[in-house]
Amino acid sequence: MDKITINSSYHDKGCQHVHYKILMVDDSRTFNQKVTDGLSVLGHEITQAYSLREAEEYINNQDFDFILLDLILPDGEGNELIDEMDKKTRSKVVVLSGDNDDQRRSHIFESGILDYFSKSNPTHKIIDDIKKLLCTVQINSKINILLVDDSSFMRKMLTNILSPKRFNIIEAINGEDGLETLEESEVHLVILDYEMPIMDGIQ
């Protein structure tokens, strides 16, 4: 039996004592309970579901901060549920899966989920990884990133990558627009295109 260890340094890296509302979806009652115990000890409110139908019902009737979702469930696959979600809900999903198919994993990431953890790892390691993710997301929510690029495609692609991690994204279409934004807003990181009209990256 896996021993559940509590990471005492969880709140020591800039994280505050925020209590999240989390939906835990996994048909293995043992695994579901271990993860629930490991997170609820930190004060998080955990709702447990054991099937796709149960999960869907909870999501339709309640608002969760995070959704921990197994991919293989008795009445269907978790990615079917992900496909039905809107963008905001998808960004709350952390997939827990024993499936190591890289192609499938890549496809699921492209849908805009928050993260993906392999269930081939020991349960206590998965719990610690989830705790670290919750801490990282909390820190990221305070970071403003400025994307300066004349390509709307590149700005959209980068936004799709960074937004699920809860970074605050500000967009600028050229260097001049970017400078204006820097003067008016608090920016912690600038991702800058090299070649742009009006004012390029070097200027």
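In this predicted model, helix 1 (residues 29-40) and helix 6 (residues 123-140) have axes that come within 10 Å and cross at roughly 45°. Helix 1 is therefore oblique to helix 6, since an angle that is neither under 35 degrees, nor over 145, nor from 65 to 115 counts as oblique. The crossing in which helix 1 passes helix 6 is right-handed.

The residues that form this contact can be named on both sides. Helix 1 contributes Phe 31, Lys 34, Val 35, Gly 38 and Leu 39, while helix 6 contributes Thr 123, Ile 126, Ile 127, Ile 130 and Lys 131. By character, these residues divide into 6 nonpolar, 2 polar and 2 charged.

Attention may now turn to the sheet. It is open and consists of 5 strands, placed in the order 2-1-3-6-7 with parallel pairing. At its edges lie strand 2 (45-49) and strand 7 (115-118), each of which pairs on one side only. From one strand to the next, the twist averages 20°.

At one of these edges, strand 7 pairs with strand 6 (residues 93-97) in the parallel sense over 4 bridges. Leu 96 has Phe 117 of strand 7 as its bridge partner. Helix 2 (residues 52-61) packs on the sheet, where it touches strand 1 (21-25), strand 2 and strand 3 (66-70). The direction of helix 2 makes about 140° with that of strand 2.

Finally, the confidence of the prediction deserves attention. The chain has a mean pLDDT of 86, and 92% of its residues reach 70 or more. Over residues 1-12, however, the pLDDT is below 50, although this stretch has 29 contacts in the model beyond near neighbours in sequence. Where pLDDT is low, predicted coordinates should not be read in detail.

How values were computed:
Residues are numbered from 1 along each chain as its sequence is written. This is a predicted model: local features need pLDDT of at least 70, side-chain atom pairs count only at pLDDT 80 or more; totals for chains, interfaces and linings use all residues. Side-chain values use heavy atoms; hydrogens and water are left out. pLDDT is the predictor's confidence in each residue, from 0 to 100. Contact means heavy atoms within 4.5 Å. Two strands pair if DSSP finds at least two bridges between them. Helices (H or I, at least four residues) and strands (E, at least two) are DSSP runs, numbered from the N terminus. Axes are lines fitted to C-alpha atoms, for helices over the stretch in contact, and angles run from 0 to 180 degrees between N-to-C directions. A crossing is left-handed if the near helix is turned anticlockwise from the far one by less than a right angle, and right-handed if clockwise. Ala, Val, Leu, Ile, Met, Phe, Trp, Tyr, Cys and Pro count as nonpolar, Asp, Glu, Lys and Arg as charged, and the others, Gly among them, as polar.
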